[in-house]
Amino acid sequence: MNNYLLTSKQNFIAKNTLLLFFVFFTSAIFSQTTDTYTASGNWTVPAGVTTATVQIWGAGGGGGGSDANKKGGSGGGSGAYVSRVVTVTPGATISFTIGTGGAGGAAAAGTGVTGGNSTITIGGFTLNANGGTGGAGNKGAVGIGGTSSGGTTNTNGNDGISGATSGNSGAKGGDAPNGGGTGGSGGSNSAGGTGNTPGGGGGGGEEAGGGSGARGEIRFTYTSGSYCTPTNTYSTSYYISGVTTAGGIANINNTPTGFSGYTNYSAQFVSQVAGSSFSLTATHPSSTYGYSVWVDWNNDGDFADAGE
C-alpha cells in the first residue's frame, strides 16, 4: 500500500496540508522538542508547530581585577531571564540576538565588562534579557544583575558578591536565575573563575584579573510529531497505486507505480483559488476500495479541529 502525503495551496489563504490515507492507520504520535542556541542567529519554525515556549538568558558581566593582596575584585552580575509561550507560523524564520559574556577586569584593579543583551521579537512580543554589569576591582562595587522585560516570566539577574565581604579574596559572580549558570568563583591570589553558562557572572580576582561572564542562551520548546504510524496488514494486495487531480490551477499527476510501500509525496501539491473546487482521483489495482481524505487546515499536526 502506498501512503500519499499531498500539499494543497489556496490563493489568499494560508498553505494547507492534505493527508490522504487508505483505510489502515494508527493514531498520531507527538513528542516535545527543545532547540537550544548559544549564539545569535535564526530559528525556523518546524512544520506543524503553532505554539512554542521561548526561554532566554542574558550574558553575565565580568569579575573585577585586583592589583594587591587582600584586595579581591567583586563578582560580575548575572544575565536576566525571560520566558513566554508564543504563537508561531510553521516555516517562519525568526532572528534573535544572544549576548556575549563580559570580559574580566584587568589585574590592575580593572572593572569587568558588562555582559551582552539577549533579545527576540516573536509572536508579537519583544523579549529582553539584559546582561549583568561588571564587578569593580579591589573590593569595589558589585556587578548588578541584568534587567528583564517582555515575558510572562521576567526575572532580573542576581548581583555579584562584594570583594569587601569575601575574606579579602576575589568574590563570586552572580548566579543566573531560572536554571541558568552559576557565577564564577572568586580567586585567592589568582584570577577569578569564569561564569557558567548560561548567564553566570564572572568571579573577582585577587592579585590577578577577574573571570569572564558567561554568554547568554535561547531555547525554543515545542510539541511536534507525525500524524500516524501507517501499517498494512493486507500485504501487497490492497494499496493506492496513483493519485491525480483535475480542475486546479496546479494539479497532481502521480501516475500508478505499483506497490512500493508507504511513500511521502509532500513535494507534490494541488492549488486553487479560495471558494473554487478541484477533483481528486485515487487508483487501485483491483477489487472494491473506499478512500478518505483528511485536511490539517491550520497545520497544527492533528485532525482534531473543527472542519478537519
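Select Ser78 and show its side chain, which reaches the backbone oxygen of Asp175 at 3.2 Å. The model on screen is a predicted one. Keep Ser78 selected and add Asn158: the backbone nitrogen of Asn158 lies 2.9 Å from a polar atom of the Ser78 side chain. Now colour the strands to see where Ser78 sits. Ser78 belongs to the loop that runs between strand E5 (51-57) and strand E6 (81-87). Is Ser78 buried or exposed? Ser78 has a relative accessible area of 0%, so it counts as buried, the limit for that term being under 20%.

Next, select the open sheet. Five strands form it, in the order E4-E7-E8-E9-E10, with antiparallel pairing. Which strands stand at the edges? They are strand E4 (41-44) and strand E10 (148-149). Each has a single partner strand, so one side of each is left without a neighbour in the sheet.

Stay in this sheet and select residues 93-97, strand E7, together with residues 118-122, strand E8. E7 and E8 pair in the antiparallel sense over two bridges. To find one bridge, pick Phe96; its partner in E8 is Ile120.

Move on to strand E13, residues 242-246, and strand E16, residues 279-283. These two are antiparallel and are paired over five bridges. Pick Val243 and look across to E16, where Ala282 stands opposite.

Now add strand E14, residues 253-254. E13 and E14 run antiparallel and are joined by two bridges. Pick Thr244 to see one partner in E14, Asn253. Then follow the chain from E13 to E14: the two strands form a hairpin, with six residues between them. Stop at Gly247 in the turn, where phi is positive, at about 90°.

The last stop is Thr245, also in strand E13. Its relative accessibility is 9%, so Thr245 counts as buried. What does the side chain of Thr245 reach at 2.8 Å? Select Ile252: its backbone nitrogen is the atom reached. Then show Asn251, whose side chain makes a polar contact of 3.0 Å with the side chain of Thr245.

To widen the view, select the residues in contact with Thr245, leaving aside its neighbours within four places in sequence. Asn251 and Ile252 appear again here, along with Val270, Phe278, Ser279 and Leu280.

How values were computed
Residues numbered from 1 in each chain as written. Predicted model: local features only at pLDDT ≥ 70, side-chain atom pairs only at ≥ 80, totals over all residues. Heavy atoms only, no water. Pairing = 2+ DSSP bridges. Helix = DSSP H or I, 4+ residues; strand = E, 2+ residues; numbered from the N terminus. Buried < 20%, exposed > 50% of the residue type's maximum accessible area, 1.4 Å probe, protein only. Polar contact = N/O pair within 3.5 Å; in protein donor to acceptor, adjacent residues only side chain to side chain. Contact = heavy atoms within 4.5 Å.
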